[in-house]
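Colleague: Could you take me through one part of this model in some detail? I'd like to hear how the strands pair up and what sits beside them.

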Amino acid sequence: MKFKSGLALALFVGMGVASSAHAHHRDFTFIRDWYLPFAGEREIESRTSYEPKTKALQQEFEFEMGLTKNFAIEPGIGFHQEPGNKTHLDEWDIELRFNFMDFAYNKVLPAINLEYENPADSAESKNVKLKMIASVYTTSGEDFSVNLNLMQNVSVDRAKDSEFLFGYSRPFGKGVDEETKRANFRGGFEYLMNLTAHDQWFGPVFAVKASDHLNGIFTYMFAINHKDTINNQLKLIFEWEF
């Protein structure tokens, strides 16, 4: 099985689509913000993660659907490849996403995601992850988002893990939509800290809106401590909304 990068999303281009001119595209790769797809909106995401040092490659595909104004569901599947080895199935997962309150500028907006990860290898642990999210959006189009993720292994060693993430994104250049405050190009940064091992990463994030339906996000996260045990990470996401 030959494995290709997230550009495999191109397989979905050419599908018939409905108008979603005001759909919200992601601003970050590691971080979630308050927004959900609107009711009835569907989205396919291709997520590619790569470690330049080890050349390990991980690929995920997820399908996301907005069911109500404040609830969306997101099943997915993940693959993994390391140099000299064949691509193998890592896991399947399902994520339930909720947000609260009506959108407003300059106000803290909360959301919660609940995710279940089921590994392909029965010897590995099944995981449940709770993601607590808060975002603030400004009238100039800025996005400040914070995540606190809590993970519990539920089948093997019962280990717990947690991480804190913070991100900032804003529009650059011309083409800002006055109604949605969105732009064709956005940039900012992401910060991630594992609260168990205290590993930390920081890096720039860029988002490009290719069309009303296609969005790409790129992050390169630099390890800022424990560099003998953790590696830099590159992550690329394509979103196709229809």
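Modeller: Here is a walk along the paired strands, then on to a surface patch. Keep in mind that this is a predicted model. The chain has a mean pLDDT of 88, with 87% of its residues at 70 or more. Residues 1–22 are another matter: the pLDDT there is below 50, although the stretch makes 41 contacts in the model beyond near neighbours in sequence. Where pLDDT is low, the predicted coordinates should not be read in detail, so let's move on to the strands.

Start with β2, residues 56–68, and β3, residues 71–81: they run antiparallel, and nine bridges join them. The link between β2 and β3 is a hairpin through two residues. If you want a spot to click on, Q58 stands opposite H80 in β3.

β3 also pairs with β4, again antiparallel, through 10 bridges. Here P75 has I94 in β4 as its bridge partner. This hairpin has six residues between β3 and β4, and G84 in the turn has a positive phi of about 85°.

Carry on past β4 (88–99) and you reach the loop leading to β5 (109–119), which is where M101 lies. M101 counts as partly exposed because its relative accessibility is 37%, and partly exposed covers the range between 20% and 50%. M101 also helps make a nonpolar surface patch of about 580 Å², together with F98, F100, I112, M132, L148, L150 and L195.

Notes. Residues numbered from 1 in each chain as written. Predicted model: local features only at pLDDT ≥ 70, side-chain atom pairs only at ≥ 80, totals over all residues. Heavy atoms only, no water. Patch = residues over 30% accessible without salt bridge, like charges linked within 9 Å, V, L, I, M, F, W, Y side chains within 5 Å. Areas by Shrake-Rupley, 256 points an atom, 1.4 Å probe, with all protein chains shown as cover. Salt bridge = Lys/Arg side-chain N within 4 Å of Asp/Glu carboxyl O. Helix = DSSP H or I, 4+ residues; strand = E, 2+ residues; numbered from the N terminus. Buried < 20%, exposed > 50% of the residue type's maximum accessible area, 1.4 Å probe, protein only. pLDDT = per-residue confidence, 0-100. Contact = heavy atoms within 4.5 Å. Pairing = 2+ DSSP bridges.
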